[in-house]
Amino acid sequence: MRRAIAKFLFHTLWGWKIDVPYPNHIKKSVVVAMPHTSNWDFPIGILMRPIMGSNISFAAKNSLFFFPVGIIMRALGGYPVNRSKHNNMVDACVDIFKKDHNFKLCITPEGTRTKVDKLKTGFYHIAVKAGVPIICCKFDWGHRTTGFSAPFYPTGDYNADLPKILAYFEGVKGKIPEYDYVHKD
């Protein structure tokens, strides 16, 4: 029933399609979702999961987890992240990967829905420390398509790996294209 409702909203009502589904044989991964330029990215991502039969969790700022909304956020697979003080989010996420044998964590490295000049690097460090691949997920509002890349296993050299990761997002347009992240060499 949940899948049928998600398909109706995602495909029929909103006109989206998934061109490449999540590679379900990969049980653990850090999913990098870009571009993140609008609050509408969230329902698109939530509706994709039951359609694909993949349970991907997400990290969101802890201010979104107030009562009673927090109950819904957690039920949808959310993990609150405190961005206001220096804490070790990377190690906390790595601990979850160590305990859960089927954990996929979606992170938006822009960290916000506005224009940024630099990505947050936590997604990369989580993947390296947890020993899991990075799988890119596009939200292409220009073509109303989403999809996933092949798994990318980070080498530990962020500066060398980042251009390879960002290559997947070339030509992808966010809902608000002027907010799209553009990598500067």
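Pro35 sits in the loop between strand 2 (29-34) and helix 2 (41-52). The peptide bond that joins Met34 to Pro35 is cis, with omega at about -15°. This is a predicted model. The protein has six helices and seven strands. Beyond the cis bonds, the points below cover a buried lysine, a buried aspartate, a partly exposed threonine and a positive phi angle.

**Cis peptide bonds**
- Met34 and Pro35 are joined by a cis bond.
- Pro35 is also one of the residues that Asp41 touches.
- Phe67 and Pro68 are likewise joined by a cis peptide bond, with omega about 0°.
- Pro68 is placed in the loop between strand 3 (57-61) and helix 3 (69-75).

**Asp41 and its surroundings**
- Asp41 belongs to helix 2.
- Asp41 has a relative accessible area of 4%, so it counts as buried, the cut-off being under 20%.
- The side chain of Asp41 makes a polar contact of 2.9 Å with the side chain of Trp141.
- Setting aside residues up to four places away in sequence, Asp41 touches Pro35, His36, Phe139 and Trp141.
- His36 is also touched by Thr108.

**Lys104: buried, without a salt bridge**
- Lys104 is in strand 5, which spans residues 104-107.
- Lys104 is buried, yet it has no salt bridge.
- The nearest side chain of opposite charge is that of Asp100, 7.8 Å away. A salt bridge needs the charged atoms within 4 Å, so Asp100 does not qualify.
- The side chain of Lys104 does make a polar contact with the side chain of Asn102, at 2.8 Å.
- Outside its neighbours within four places in sequence, Lys104 is in contact with Tyr22, Ile26, Lys27 and Ser29. The list also includes Ser54, Asn55, Ile56 and Ser57.
- Of these partners, Ser29 falls in strand 2 (29-34), and Ser57 falls in strand 3 (57-61).

**Thr108, after strand 5**
- Thr108 lies in the loop between strand 5 and helix 5 (122-130).
- With a relative accessible area of 27%, Thr108 is partly exposed.
- Thr108 touches Ala33 and His36, not counting residues up to four places away in sequence.
- Ala75 is 33 residues from Thr108 in sequence, and their C-alpha atoms are 19 Å apart in space.

**Arg144: positive phi**
- Phi of Arg144 is near 55°, a positive value in a residue other than glycine.
- Arg144 is in the loop between strand 6 (134-140) and strand 7 (145-148).
- Arg144 is partly exposed, with a relative accessible area of 34%.

**Overall fold**
- From the N terminus, the order of elements is α-β-β-α-β-α-β-α-β-α-β-β-α.
- Among contacts between residues at least 6 apart in sequence, 71% join residues at least 24 apart.

**Size and surface**
- A compact globule of 185 residues would have a radius of gyration near 16 Å; the protein has 16 Å, so the two agree.
- Along the principal axes, the C-alpha atoms fill a box of roughly 40 × 40 × 35 Å.
- Buried residues account for 45% of the 185 residues.
- The accessible surface is about 10,100 Å², and 58% of this surface belongs to carbon and sulfur atoms.

Methods
Residues numbered from 1 in each chain as written. Predicted model: local features only at pLDDT ≥ 70, side-chain atom pairs only at ≥ 80, totals over all residues. Heavy atoms only, no water. Helix = DSSP H or I, 4+ residues; strand = E, 2+ residues; numbered from the N terminus. Buried < 20%, exposed > 50% of the residue type's maximum accessible area, 1.4 Å probe, protein only. Lys, Arg positive; Asp, Glu negative; His and termini not counted. Polar contact = N/O pair within 3.5 Å; in protein donor to acceptor, adjacent residues only side chain to side chain. Contact = heavy atoms within 4.5 Å. Rg over C-alpha atoms; globule rule 2.2 N^0.38 Å. Areas by Shrake-Rupley, 256 points an atom, 1.4 Å probe, with all protein chains shown as cover.
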